Amino acid sequence: MDTQFIGENLRPGQLGHFFVITAFVMALFSSFSYFNAAQSENKDPNKSNAWLLLGRNGFVIHAASIFATFIALAYIIINHLFEYNYAWQHSSKTLPMKYLLSCFWEGQEGSFMLWTFWHSALGLVVMMTARKMESRVMSIVALVQVALTTMLLGFYFGQHIQVGSNPFLLLRHQMQGAPIFSQPNYMSFIQDGNGLNVLLQNYWMVIHPPVLFLGFASTLIPFAYTIAALWKGDYQLWLKPAIVWSLFAGGILGVGIMMGGAWAYESLTFGGYWAWDPVENASLVPWLTLVAGLHTLIVYKATGRSLIASVILLIVTYLLVWYSTFLTRTGILGDSSVHAFTGEGKSLYWHLLVVIGVLMLLSIALVVRRWKAMPRIKAEEGIDTREFWMFIGAFVLFLSAVQIAISTSIPVWAPLAKWITGKDVAPPVNPVQHYNSIQVWVAVVVSLLTATILFLKFKKTDMKTAWRRLAITAGIALVLSLFIGLTQKIDAVQYAILLFSCCYTIVGTAYYAIMVQKLKFKKLGASIGHFGFGLILLGILLSSYNKQVISYNTLGKMWDFGKKTKEENIRESIENSILFRDIPVAMGDYFVTYKGDSTSTEDPRTFYKVYYERRDSVTKEVKESFTLYPDAFINPKGQQGLVANPSSKHYLHKDIFTYVTSVIDPKKKTDTSIYKSHIVHQGDSIFTANGFFVFNGFETKVNNPNYTETPGDIAVAAKLDVFGLKGPQGSLAPVYYIRDGYEHHIEDTAKELMVYTRFGKVLPDQNAAEILIKEAKPEDDYIVMKALIFPFINVLWLGVLTMAFGFFLSMANRITKKDKTPVIAKQH
């Protein structure tokens with residue numbers, strides 16, 4: 001019985017699980033009610049309104065239950081109730097409040113809860129704004145909430161079928177059979193939790209997951225509107241909210257993805273912000289199809305064309321969100337991704353497949369049912385029209401998404417391929433090269449189309465005017481790209497072409513905004529968004545192409561970096577430099593010195609002090625200096641080996657990016673240095689590697705905090721003035737004393753010089769003293785580190801903000817603008 005255990009607080013968990021069950025039941029009830037309201041809205045309006053009211057009430061109770069569930073888990077984590085498995089597994093008492101929030105989304109249950117939370121919030125907005133489409137749209141939103149809340153139920157059918165995972169599971173239930181739980185007072189032995197993965201203890205991980213999950217959640221709304229439109233074959237009421245919500249989802253999801261890039265840049269040793277990691281790819285693919293669908297929606301609104309493409313792309317986008325969840329949470333990417341969920345997600349494998357299957361079957365059934373009745377325009381669009389090239393651009397984005405999805409999904413389809421062909425298929429050894437070889441050309445095509453399309457018009461274009469504007473744009477872009485290419489030494493053909501296409505986009509969108517739109521703010525959303533897209537591509541190109549490694553290994557020592565091939569280990573060894581403590585090493589324009597480390601009992605990380613100094617080549621005067629603090633630790637969350645977090649120096653035009661790749665295990669550090677004796681008289685100097693000491697006689701009044709005088713002591717201190725390479729650095733007072741007939745010594749340390757001093761004894765016959773000096777040997781303390789320069793990376797971050805602003809400005813304009821009746825094609 002639970003009552004036999006002392007110190008447990010069961011009420012928050014009981015309430016939390018109750019609200020999970022309530023949320024599931026009310027989502028089911030709401031979906032059923034809304035479905036009946038939709039089915040009877042034309043036949044019996046009174047009956048429909050009754051069902052509609054029930055659906056609304058059901059969803060409000062569902063949303064309130066989800067919020068209550070969230071609060072219950074927050075209470076458990078914040079109050080350190082380690083009798084709950086989730087709190088013990090993912091949090092600890094030493095975490096500050098902001099990182100306690102990160103504990104929510106470290107585990108499967110918390111991240112699903114966050115996803116469900118956003119669906120509930122968005123559902124309430126849709127419920128208040130959908131008007132005539134409310135019953136149909138909300139029946140889909142509530143149905144998806146049914147699927148999501150099953151992920152939190154934690155029910156078992158028999159011994160082998162598990163439905164969801166309960167975030168309020170007690171630790172003693174999770175670890176049944178452990179001897180500690182046979183004791184009623186087991187809580188007295190659990191003093192702290194397992195803690196949060198140190199990689200997640202970054203401010204980006206406080207805000208990145210909520211924004212990313214809001215982006216994922218918001219793709220549900222265009223999907224729900226699309227299903228609602230197919231349900232009744234009504235494509236007029238659907239169009240405006242589908243565009244508005246697609247703009248919202250595109251902006252939020254894009255920002256969320258690049259927040260992940262910023263986190264990777266600051267917390268991982270990718271050597272950058274994007275590594276084509278499968279988890280990154282899984283979030284990018286739905287964004288690509290969403291943007292493609294947004295553009296075909298605009299085509300359909302203006303011309304009546306591309307309805308089928310729009311429907312398919314919006315449906316595929318949301319299915320891909322669930323598929324990305326399947327990839328990242330079932331453990332299927334465990335061997336090919338550095339930050340996918342592994343073992344704890346295997347129970348979700350069939351659960352997620354069932355959800356994806358249901359959503360897919362529902363979508364296919366409705367598309368097939370309405371296929372013949374969907375409005376079409378029989379005549380082909382002209383090649384000189386905006387709609388033609390917008391469709392081409394959307395199709396290229398779709399092909400880009402397909403290529404990324406297929407390559408990312410190799411662990412999924414490789415077993416089938418082996419069964420058919422008898423050959424193993426493995427993920428690409430060099431993913432950056434594999435994806436870039438294709439995606440560079442995708443970027444070229446899309447960026448060229450981005451600016452060109454602005455100068456074309458729907459249905460019919462004045463090509464004389466268009467060619468003049470395109471020629472001006474191309475000419476300015478050519479001059480700009482030549483200037484950048486020559487100054488940045490971009491000489492590879494494919495990247496020179498990409499540079500021109502980026503400049504073409506930037507110049508074209510700016511020209512269109514100024515000369516055509518006359519800088520009318522409300523109309524600038526598309527121009528600003530596409531301008532930001534051009535800046536993103538330019539920032540990626542400049543920061544990646546001229547990324548410079550400055551930490552070259554000059555000692556010829558090879559390191560084992562655990563790479564898959566010998567060539568990779570050789571390359572990494574060349575690009576990593578060993579720094580012995582206090583010995584400067586030349587790196588590019590800088591001299592870099594490792595100054596030691598610092599640790600804390602409250603933080604598993606060890607911070608390494610790396611000092612950079614740039615001097616004038618002639619006068620040797622110090623022009624610039626700064627210190628970076630990269631850290632490293634042995635990951636306590638089950639992964640073996642060193643986990644390093646980089647540190648960067650940010651400039652307007654570049655970043656200096658530094659991280660350690662190998663260190664001496666603090667537990668294995670040894671001191672191989674020994675004390676050396678020096679006989680000195682007053683005024684004599686003792687020289688060391690980094691300075692010297694001057695002996696200034698004896699001090700009989702001992703003033704050393706480590707010495708406590710006892711009656712009968714004979715004590716004396718040696719006065720030593722310390723001088724480093726930059727001048728005086730204070731004084732030391734090592735102590736020699738005799739107590740009860742025995743000699744004793746109290747050492748003193750010159751920390752900056754890493755020198756230990758000991759007063760050996762007094763030599764009265766020589767009026768001298770024996771001073772013993774011990775210097776730390778360089779090989780006793782060192783780090784291996786990699787340093788890179790990312791030029792113009794701020795262009796990338798500026799582009800992300802600009803593009804997101806363009807999305808939201810366009811959304812605001814669409815909301816407030818009174819649209820004319822959209823062009824709806826007749827069936828042909």
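In what order do the 4 strands of the open sheet with β13, β20, β21 and β22 lie? The order is β13-β22-β21-β20, and the pairing is antiparallel. The edges are β13 (676-680) and β20 (748-750), each of which pairs on one side only. Direction ignored, neighbouring strands here are turned by 30° against each other on average, with axes taken as lines fitted to C-alpha atoms and angles running from 0 to 180 degrees between N-to-C directions.

A few ground rules before going on. The model is predicted, so to speak of a local feature takes pLDDT of at least 70 and to count a side-chain atom pair takes pLDDT 80 or more, while totals for chains, interfaces and linings use all residues. Residues are numbered from 1 along each chain as its sequence is written, and side-chain values use heavy atoms, with hydrogens and water left out. Strands (E, at least two residues) and helices (H or I, at least four) are DSSP runs numbered from the N terminus, and two strands pair if DSSP finds at least two bridges between them.

Zooming out, the protein chain holds 21 helices and 23 strands. Its C-alpha trace spans about 115 × 80 × 55 Å along the principal axes. Of the 828 residues, 54% are buried (under 20% relative accessible area, with exposed over 50% and partly exposed in between, for a 1.4 Å probe and protein chains only). Take the contacts (heavy atoms within 4.5 Å) between residues at least 6 apart in sequence: 70% of them join residues at least 24 apart. The accessible surface comes to about 39,000 Å², and carbon and sulfur atoms own 61% of that; areas come from the Shrake-Rupley method with a 1.4 Å probe, and for residues only the protein chains shown count as cover. As for charge, the mean positions of the 71 positive and 57 negative charges lie 18 Å apart. Lys and Arg count as positive, Asp and Glu as negative, with His and the chain ends not counted; each charge is placed at NZ of Lys, CZ of Arg, CG of Asp or CD of Glu.

Back to the open sheet, strand by strand. Edge strand β13 is joined to β22 (residues 768-775) by 5 bridges, and Ser-677 stands opposite Leu-772. Between β21 and β22 there are 8 bridges, with Thr-757 facing Ile-773 of β22. The hairpin linking these two has 4 residues between the strands, and Asn-767 takes a positive phi near 50° there. At the other edge, 3 bridges tie β20 to β21 (residues 755-763), where Ala-750 stands opposite Val-755. That hairpin also has 4 residues between its strands, and Met-754 takes a positive phi near 55°.

Another run of antiparallel pairings starts at β14 (residues 685-688). Ile-686 and Thr-688 make up the covered face of β14, and Ser-685 and Phe-687 the uncovered one. A hairpin with 2 residues leads from β14 to β15; 4 bridges join β14 to β15 (residues 691-699), and Phe-687 has Phe-692 as its bridge partner. Next, β15 pairs with β16 (residues 714-724) over 7 bridges, including the one between Glu-699 and Ala-717.

Strand β16 pairs further, with β17 (residues 727-732) over 4 bridges and with β18 (residues 735-739) over 4 bridges. Asp-721 stands opposite Ser-731 of β17, while Val-716 has Tyr-736 of β18 as its bridge partner. A hairpin through 2 residues connects β16 to β17.
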